[in-house]
Amino acid sequence: MGAYECGVYKTLHKHKIKFDIVAGTSIGGINAAIIAGSKNNEPAKDLEDFWLNLAETVTPSFLADKARAFSSSMYSAIWGNSKVFQPIWFTPNSFNFLNDYPYLYDLMPLKNTIKEYVDFDKLKNPDRPRLIVTSTDIQTGKSSVFDSKHDIIGAEHVLASAGYPFYGISWTKIDDRYLWDGTLLSNTPLTEVIDASPKCDKRVFIVNLFPHNQEVIPKNMIEVWHRARDIMHTDKTDHTVRMSKTISSYLELLKDMHDIIMENFDANKLDEKNKERFRKIEPKYHKFVVERGAIIKEIIRIERQEDIHFLFEDADFSSATIKQLIQNGEKDAENALSKI
């Protein structure tokens, strides 16, 4: 489904919207890495080439959407995808894999594919967007954040954000940490972006792959699991945005009060005792309002919609589906921009 994000980015790039920070987890982290570290300095083209490279052509394109999704996902489950993941049952001596392995699919093919499209040395270039990818520490259950401003990010860090255990995908070990997919904690790392860049006000574009709303009630257990999966993974930044607006109100109040005190201070209308009190609290004011005073000025959401509800739609790598998702992302991004 990350092909949908590719389509969204193509439209944003076409409209010359440039990003200071690109952030993501799971497939969003992979897409973000290609945008930030585009090897050919053409992020939109490299991103689309990446997705078309992942597409499999075994599944007939003439099949109906649900039949194609089922056929392609079953093919991926059994045979894997030579550019993304390899089933361990094709590994020698893996007969008892359910007991001998903590995963079913190895992501080494994806690591090699990412290197074809991302020049990680370019992530330190100040002219490139800052990259933030998140993963989940298995042992502590906490978020593990990699930020190109402070960390030397490689393919393994991007890979770490994509090891989704419920699909049997392997974890990644980095230093002493064992890392799984960041979606286990949050599928939209907006909080991490604000924490990483606390001084600058934000204009945010969020791409949500998992629809908030579904009018149709599930009719069987497969549809129940699908809807539950969507709810667990959908964008949950509303609370962060509400808190940002509340904090913005507090900051404005603090600024107004600070300005009043400064006017009286400069006009020598404060006695020495109150001047000394003001001098003591001034560093705290600076820390809260200046060093961590970023607010979200605008947020634009682009959300994928579903015509069919299929649990393993995100394992459908058929060429027809990937091309359709790219087109859908382009169209939905155009619609979102037209409303600004």
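In this predicted model, R68 and D65 stand three residues apart in helix 4 (residues 65-79), so about one helical turn separates them. The two side chains form a salt bridge, with the closest N and O atoms 3.1 Å apart. The partners differ in how far they are open to the surroundings. R68 has a relative accessibility of 7%, which is under the 20% limit, and therefore counts as buried. D65, at 42% relative accessibility, counts as partly exposed, because its value falls between the 20% and 50% limits.

A second salt bridge of this kind is found in helix 3. Here the side chains of K45 and D49 meet, with 2.8 Å from N to O. K45 and D49 are four residues apart in helix 3, so they too are separated by about one helical turn. K45 is partly exposed, at 46% relative accessibility, and D49 is also partly exposed, with a relative accessible area of 28%.

The count of salt bridges in the structure comes to 17. Which of them joins parts that are 84 residues apart in sequence? The side chains of E313 and R229 meet in a salt bridge, at 2.6 Å from N to O. E313 lies in the loop between strand 9 (296-303) and helix 12 (319-338), while R229 belongs to helix 9 (residues 221-233), so this pair ties together parts of the chain that are 84 residues apart in sequence. E313 and R229 are both buried. The two residues also belong to a network of salt bridges, which links R229, D230, R304, E306, E313 and D314.

R304 of that network leads to another residue, because N208 is in contact with R304, their heavy atoms lying within 4.5 Å. N208 lies in strand 8 (residues 202-208). With a relative accessibility of 5%, N208 counts as buried. What does the side chain of N208 meet? One partner is the side chain of T234, joined to that of N208 by a polar contact of 3.0 Å. In addition, a polar atom of the N208 side chain lies 3.1 Å from the backbone nitrogen of D235. Leaving aside neighbours within four places in sequence, the residues in contact with N208 are H233, T234, D235, I302, E303 and R304.

The next topic is the aromatic rings. A pair of such rings is described by the distance of the centres and the angle of the planes. The structure holds 16 aromatic pairs. One of them is formed by W79 and F90, with 5.5 Å from centre to centre and 20° between the planes, and this pair is stacked. It links distant parts of the chain: W79 is in helix 4, and F90 is in the loop between strand 2 (86-87) and helix 5 (97-100), eleven residues apart. W79 counts as exposed because its relative accessibility is 52%, which is over the 50% limit. F90 is partly exposed, with a relative accessible area of 41%.

The rings of F265 and F278 have their centres 5.6 Å apart and their planes at 40°, so this pair is tilted. F265 lies in helix 10 and F278 in helix 11, so the pair ties together parts that are 13 residues apart in sequence. Are these two residues buried or exposed? Both F265 and F278 are buried. F265 has a further partner in K275, which lies over the face of the F265 ring at 5.3 Å from the ring centre. Elsewhere, ring pairs link F70, Y164, F166, Y167, F310 and F312 into a cluster.

Helix 10 (238-266) and helix 11 (272-291) have a loop between them, and N268 is found in this loop. N268 has a phi near 60°, a positive value in a residue other than glycine. The relative accessible area of N268 is 59%, so N268 is exposed. Another asparagine with a positive phi is N41, where the angle is also near 60°. N41 sits in the loop between helix 2 (27-36) and helix 3 (43-54). At 52% relative accessibility, N41 counts as exposed.

Methods: Residues numbered from 1 in each chain as written. Predicted model: local features only at pLDDT ≥ 70, side-chain atom pairs only at ≥ 80, totals over all residues. Heavy atoms only, no water. Helix = DSSP H or I, 4+ residues; strand = E, 2+ residues; numbered from the N terminus. Buried < 20%, exposed > 50% of the residue type's maximum accessible area, 1.4 Å probe, protein only. Salt bridge = Lys/Arg side-chain N within 4 Å of Asp/Glu carboxyl O. Polar contact = N/O pair within 3.5 Å; in protein donor to acceptor, adjacent residues only side chain to side chain. Phe/Tyr/Trp six-rings, centres within 6.5 Å; stacked < 30°, edge-to-face > 60°. Lys NZ or Arg CZ within 6 Å of the ring centre and 35° of its normal.
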